[in-house]
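Me: Please take a close look at a single residue in this model and work outward from there to the parts around it. I would like one connected account, with the cut-offs spelled out.

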Amino acid sequence: MSLEGTTAPDFTLESTSGGEVSLGETLDDGPTVVLVNRGHWCSFCAEQLATFSRVYEDLHFNEGVDVLPVVTSPRPKLVEMRDRFGYNFQLLADPDGSVADQYSGTEQTDHGLTAVAGTYVVDTDATVRYEQIADDPADRTHGNWVRYFIRGDFENPFGE
């Protein structure tokens, strides 16, 4: 079932900074990008997060956009991931997959419970304006596309 055009499920998760972050609170400042990632071990997730890390400061300071990467791994593993790749935003721990289940879903893999990768752009009214669920782990929406999507008033930057 697609979430596009519906109210995004609210959530609160522990971040790699040690505090808690909720989707509802981030929407007070501007749109929010929710990235559902498979786990700390996923190279495709690391690559996608790197594309968002490159545009994060521009989006955050100029558009009020927050990026909330929800990862089905425990917080200590996410701290290692954040530090290893030098992301300039915090990662959110969803080790039991409860938030991932509300968005793109979860599945059992060789790594245990794993999220199905998904990208969501949520406007300040909590409406999901964009949804992309990866049919293949390498099929991801990148940060620069989302930057143009948000700046283009939630329209596809390529007119498709």
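Reply: Valine 70 is the residue to start from: its relative accessibility is 0%, so it counts as buried (under 20% relative accessible area; over 50% is exposed and anything in between partly exposed, with a 1.4 Å probe and protein chains only). The model is a predicted one, in which local features need pLDDT of at least 70 and side-chain atom pairs count only at pLDDT 80 or more, while totals for chains, interfaces and linings use all residues. Residues are numbered from 1 along each chain as its sequence is written, and side-chain values use heavy atoms, with hydrogens and water left out.

Valine 70 belongs to strand β4, residues 66-71. Helices and strands here are DSSP runs, numbered from the N terminus: H or I over at least four residues for a helix, E over at least two for a strand. Setting aside neighbours within four places in sequence, valine 70 is in contact with Phe11, Leu13, Val34, Leu35, Val36, Asn37, Leu92, Asp94 and Val99, where contact means heavy atoms within 4.5 Å. One of these partners, valine 99, is 29 residues away along the chain, and its C-alpha atom is 7.7 Å from that of valine 70.

The setting of β4 is an open sheet of seven strands with mixed pairing, in the order β2-β1-β5-β4-β3-β8-β9. Two strands pair if DSSP finds at least two bridges between them. The edges are β2 (20-22) and β9 (128-133); each has a single partner strand, so one side of each is left without a neighbour in the sheet. β4 and β5 (residues 92-93) run parallel and are joined by two bridges. One residue on from valine 70, valine 71 has alanine 93 of β5 as its bridge partner.

The sheet order places β3 on the other side of β4. β3 pairs with β8 over five bridges in the antiparallel sense, and threonine 32 has valine 122 in β8 as its bridge partner. In β8, five of the five residues are buried, so this strand is largely enclosed by the rest of the structure. Side chains in a regular strand alternate between the two faces of the sheet. In β8 both faces are covered, with Gly118, Tyr120 and Val122 buried on one side and Thr119 and Val121 buried on the other.

β8 and β9 run antiparallel and are joined by five bridges, with valine 122 opposite valine 128 in β9. The two strands form a hairpin with five residues between them, and alanine 126 in the turn has a positive phi of about 70°. In the loop between β9 and α5 lies alanine 134, which counts as buried because its relative accessibility is 11%. Leaving aside neighbours within four places in sequence, alanine 134 is in contact with Val116, Ala117, Asp139 and Arg140.

Now the helices. α2 lies across β3 (32-37), β4 and β8 (118-122), and runs at about 165° to β3. Axes are lines fitted to C-alpha atoms, for helices over the stretch in contact, and angles run from 0 to 180 degrees between N-to-C directions. Helix α2 (residues 43-63) also packs with helix α5 (residues 143-151), at an angle of about 25° and with the axes 8 Å apart. α2 and α5 are therefore roughly parallel (under 35 degrees; over 145 is roughly antiparallel, 65 to 115 roughly perpendicular and the rest oblique). Thr51, Phe52, Val55, Asp58, Leu59, Asn62 and Glu63 of α2 meet Gly143, Asn144, Val146, Arg147 and Arg151 of α5.

In α5 the buried residues are Gly143, Trp145, Val146, Arg147, Phe149 and Ile150, and they pack against β3, α2, β8 and β9. After α5 comes aspartate 153, with a positive phi near 60°.

For the chain as a whole, the secondary structure is five helices and nine strands. Of the 160 residues, 52% are buried. Among contacts with a separation of 6 or more, 61% join residues 24 or more positions apart. Along its principal axes, the C-alpha trace spans about 40 × 30 × 25 Å.
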